[in-house]
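Student: Please take a close look at a single part of this model. Set it in the context of the whole chain first, then go through it residue by residue.

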Amino acid sequence: MKILCVDTSTSAGSLHLSEGGSVLAEINVDSRETYSSRILSGLDCLLKAAGLDLRQIDIYAVIHGPGSFTGIRIGLTVVKALAEVNRKPVAAISALDAWVEKCGNCQGTVVPLIDARRGEVFGCVYEKAANSFSALTPGVVNKPEKILSEISAEDVVFVGGGAAKYREIILDGRHPGWRVQESDPFLGRAMVPLARQSVEKGSLVTAQNLEAYYLRKSDAELN
């Protein structure tokens with residue numbers, strides 16, 4: 001089963017191609033250059049490196065949020081088009097889930113925090129045991145201080161770009177059992193097992209049914 005994973009939800013983008021448990025090719029770039037100018041050329045480079053074409057992809061996986069409105073829209077548009085043309089299913093993956101998966105050997109309470117700008121973060125509280133995890137709260141967007149004030153667990157692992165950005169607030173000394181997991185910002189590899197789980201659970205969607213997972217209204221909606 002060949003899986004193409006696409007993450008354009010932040011400036012740290014991933015294009016990842018795998019088959020079974022093996023990486024065929026990947027591109028990870030953290031750049032302020034817009035995705036509209038580089039995603040198609042990146043896909044072309046990725047496929048050429050693997051010696052494949054789009055018709056050979058079995059499943060498309062995409063981070064459908066939360067994250068940058070523009071980045072998410074571009075990623076969803078590209079994956080929708082490719083999945084529709086090639087008649088393939090899609091695994092819609094939450095960036096919050098991907099960060100928990102990326103946490104690797106973390107166990108217990110895991111809180112992914114993604115920088116939402118404007119002094120806010122996207123976050124959610126998870127419980128992770130062995131190779132499985134479940135969300136204990138719905139995803140939210142709020143000031144990091146507000147999200148942290150509602151966490152009662154004493155032993156917590158924080159992951160994600162938001163955790164790195166607000167590290168000093170998290171590690172202010174009031175909770176000795178809290179720690180921030182260091183990590184690169186790329187989610188491509190973490191998306192693969194989540195996409196395979198979507199297959200096992202029967203939760204793949206069609207291109208027409210692929211929707212964004214937004215936790216905050218756009219400026220146009222707010223204004």
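Tutor: In the protein, residues 24 or more positions apart account for 63% of the contacts with a separation of 6 or more. The model is predicted, and every value here is computed from it. The fold comprises 8 helices and 12 strands. For 223 residues, a compact globule would have a radius of gyration near 17 Å, and the protein agrees because its own value is 17 Å. The C-alpha trace spans about 55 × 45 × 30 Å along its principal axes. Of the 223 residues, 45% are buried. The accessible surface comes to about 11,000 Å², with 50% of it belonging to carbon and sulfur atoms. There are 24 positive and 26 negative charges, and their mean positions lie 4 Å apart.

The part I choose is strand β6, residues 108-117, with helix α3, residues 95-102, and the loop that joins them.

Start with the helix. E101 belongs to α3. Leaving out residues up to four places away in sequence, E101 touches K128, F133, A190, P193, L194 and Q197. Among these, A190 and L194 are also buried residues of helix α7. The partner F133 falls within β9, residues 132-135, and both β9 and α3 are included in what covers the buried residues of α7. K128 is 27 residues from E101 along the chain, with 9.2 Å between the two C-alpha atoms.

Helix α7 therefore deserves a short detour: its 14 residues, 188-201, should span 20 Å at 1.5 Å a residue, and the end C-alpha atoms are indeed 20 Å apart. Its buried residues are G188, A190, M191, V192, L194, A195 and S198. A general point helps in reading such a list: an α-helix has 3.6 residues a turn, so residues three or four places apart point the same way. The cover over the buried residues of α7 also includes β1, β2, β4 and β5. Just after the helix, G202 has a positive phi of about 70°.

Now the loop. C106 sits between α3 and β6. C106 counts as buried because its relative accessible area is 3%, under the cut-off of 20%. Apart from neighbours within four places in sequence, C106 contacts K128, V157, R179 and Q181. K128 appears here again, 22 residues from C106 along the chain, and the C-alpha atoms of the pair are separated by 7.3 Å.

In the strand, V110 is a residue of β6. V110 is buried, with a relative accessible area of 0%. Beyond four places in sequence, V110 is in contact with V100, C103, C124, V125, Y126, K128, V157 and V159. K128 is thus listed among the contacts of E101, C106 and V110, and V157 among those of C106 and V110. W99 lies 11 residues from V110 along the chain, and their C-alpha atoms are 9.4 Å apart.

The picture changes at the end of the strand. R117 is also in β6, but R117 is exposed, with a relative accessible area of 55%. Its phi is near 65°, a positive value in a residue other than glycine. The following residue, R118, lies in the loop between β6 and β7, residues 120-123. R118 counts as partly exposed because its relative accessibility is 49%, and the class of exposed begins over 50%. Phi of R118 is likewise positive, near 55°.

Positive phi recurs elsewhere: R87, which follows helix α2, has a value near 55°. That helix, residues 69-86, has 18 residues that should span 26 Å, and its end C-alpha atoms agree at 26 Å apart. Buried residues in α2 include F69, I72, L76, V79 and N86, and what covers the buried residues of α2 includes β1, α1, β4 and β5. In the loop between β4 and α2 sits P66, and the peptide bond from G65 to P66 is cis, with omega near -5°.

To return to the chosen part: C106 in the loop and V110 in the strand are buried, whereas R117 in the strand is exposed.

Definitions and conventions: Residues numbered from 1 in each chain as written. Predicted model: local features only at pLDDT ≥ 70, side-chain atom pairs only at ≥ 80, totals over all residues. Heavy atoms only, no water. Helix = DSSP H or I, 4+ residues; strand = E, 2+ residues; numbered from the N terminus. Rg over C-alpha atoms; globule rule 2.2 N^0.38 Å. Buried < 20%, exposed > 50% of the residue type's maximum accessible area, 1.4 Å probe, protein only. Contact = heavy atoms within 4.5 Å. Areas by Shrake-Rupley, 256 points an atom, 1.4 Å probe, with all protein chains shown as cover. Lys, Arg positive; Asp, Glu negative; His and termini not counted. Charge placed at Lys NZ, Arg CZ, Asp CG, Glu CD. Expected span 1.5 Å × (residues − 1).
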